[in-house]
Amino acid sequence: MPLPVEYKIKGQWTFSMVGGAATPANGTGVASEFNIDGLEREVDDERRSGAAGAINYQGDFNAMTATITLMGITDSLRQACMESVCSNVTFILSAIAENKRDACDIATYTVTLRGIIIKYPIGWQFSNDTAENEIVLGVNFYEDSWKGKIFRYSPDEMIWSWNGTNLWEARKTGLGI
């Protein structure tokens, strides 16, 4: 049986951004780090009447935030951020991942995020080697694509889509949305 393939990010993240005033901003090779705190679900384990024991009942998902660490900033990026104080912004990040065992096997990981900026790129963190700036985004829409498989999450539109199938469709229909 072959060993499972493990991938690692090669190089830096590339990104583009569209601000709330529809100002496009591009940056290539300047996002050194991208972190998103996955989806965490609240659970209710209170015992129901007639139940034999405690069971975990599903609750809502907590809010997601994403942190993008920038190694450089452009005028258009800063303008797009500053114009977006009253509206959502859209970030598209992509990175090339390569197989740890076989460098010839590569795949692209692409993420689309939409939400409000929580931490604006004002001020820099300087060290001897780099100048970094951080944008923190409160995520209202998330989509990722990895090796032909697409996951889309939009709590506002009741979408939990895996490979084109909205697994929340019954919930959405039941609520009349």
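Is Glu98 buried or exposed? Glu98 counts as buried, because its relative accessibility is 11% and buried means under 20%. The structure shown is a predicted model. The points below start with the whole protein and then turn to its charged residues.

**Overall build**

- The protein has 177 residues, and 31% of them count as buried.
- Its secondary structure consists of two helices and 12 strands.
- In sequence order, the elements run β-β-β-β-β-α-β-β-β-β-β-β-β-α.
- The C-alpha trace spans about 65 × 50 × 30 Å along the principal axes.
- Counting contacts between residues at least 6 apart in sequence, 58% join residues at least 24 apart.
- About 10900 Å² of the protein is exposed, and carbon and sulfur atoms supply 52% of that area.

**Charge across the protein**

- There are 15 positive and 22 negative charges, and the mean positions of these two sets are 5 Å apart.
- A patch of negative charge on the surface is formed by Asp37, Glu40, Glu42 and Asp60.
- Within this patch, Glu40 sits in the loop between strand E2 (24-36) and strand E3 (41-44).
- Glu40 counts as exposed because its relative accessibility is 54%, and exposed means over 50%.

**Glu98 and its surroundings**

- Glu98 belongs to strand E6, which covers residues 89-99.
- Setting aside neighbours within four places in sequence, Glu98 is in contact with Glu6, Tyr7, Lys8, Lys10, Ala103, Asp105 and Ile106.
- One of these contacts, Lys8, also forms a salt bridge with Glu98, with an N to O distance of 3.8 Å.
- This salt bridge links distant parts of the chain, since Glu98 is in strand E6 and Lys8 is in strand E1 (residues 7-18), 90 residues apart.
- The two partners differ in exposure: Glu98 is buried at a relative accessible area of 11%, whereas Lys8 is partly exposed at 39%.

**Salt bridges elsewhere**

- The count for the protein comes to five salt bridges.
- Glu134 and Lys119 form one through their side chains, at 3.0 Å from N to O.
- That pair also links distant parts of the chain: Glu134 is in strand E9 (residues 131-146) and Lys119 is in strand E7 (residues 106-119), 15 residues apart.
- Both residues fall in the partly exposed class, Glu134 with 24% relative accessibility and Lys119 with a relative accessible area of 36%.
- Another salt bridge joins Arg152 to Glu143, and the closest N and O atoms are 2.5 Å apart.
- Arg152 counts as partly exposed because its relative accessibility is 30%, and the partly exposed class lies between 20% and 50%.
- Lys8, Lys10 and Glu98 are joined into one network by salt bridges that share partners.

**A buried lysine**

- Lys172 lies in helix H2, which covers residues 169-174.
- Lys172 is buried because its relative accessible area is 17%, which is under 20%.
- The C-alpha atoms of Lys172 and Glu157 are 8.4 Å apart, and these residues are 15 apart along the chain.

Methods
Residues numbered from 1 in each chain as written. Predicted model: local features only at pLDDT ≥ 70, side-chain atom pairs only at ≥ 80, totals over all residues. Heavy atoms only, no water. Helix = DSSP H or I, 4+ residues; strand = E, 2+ residues; numbered from the N terminus. Buried < 20%, exposed > 50% of the residue type's maximum accessible area, 1.4 Å probe, protein only. Contact = heavy atoms within 4.5 Å. Areas by Shrake-Rupley, 256 points an atom, 1.4 Å probe, with all protein chains shown as cover. Lys, Arg positive; Asp, Glu negative; His and termini not counted. Charge placed at Lys NZ, Arg CZ, Asp CG, Glu CD. Patch = residues over 30% accessible without salt bridge, like charges linked within 9 Å, V, L, I, M, F, W, Y side chains within 5 Å. Salt bridge = Lys/Arg side-chain N within 4 Å of Asp/Glu carboxyl O.
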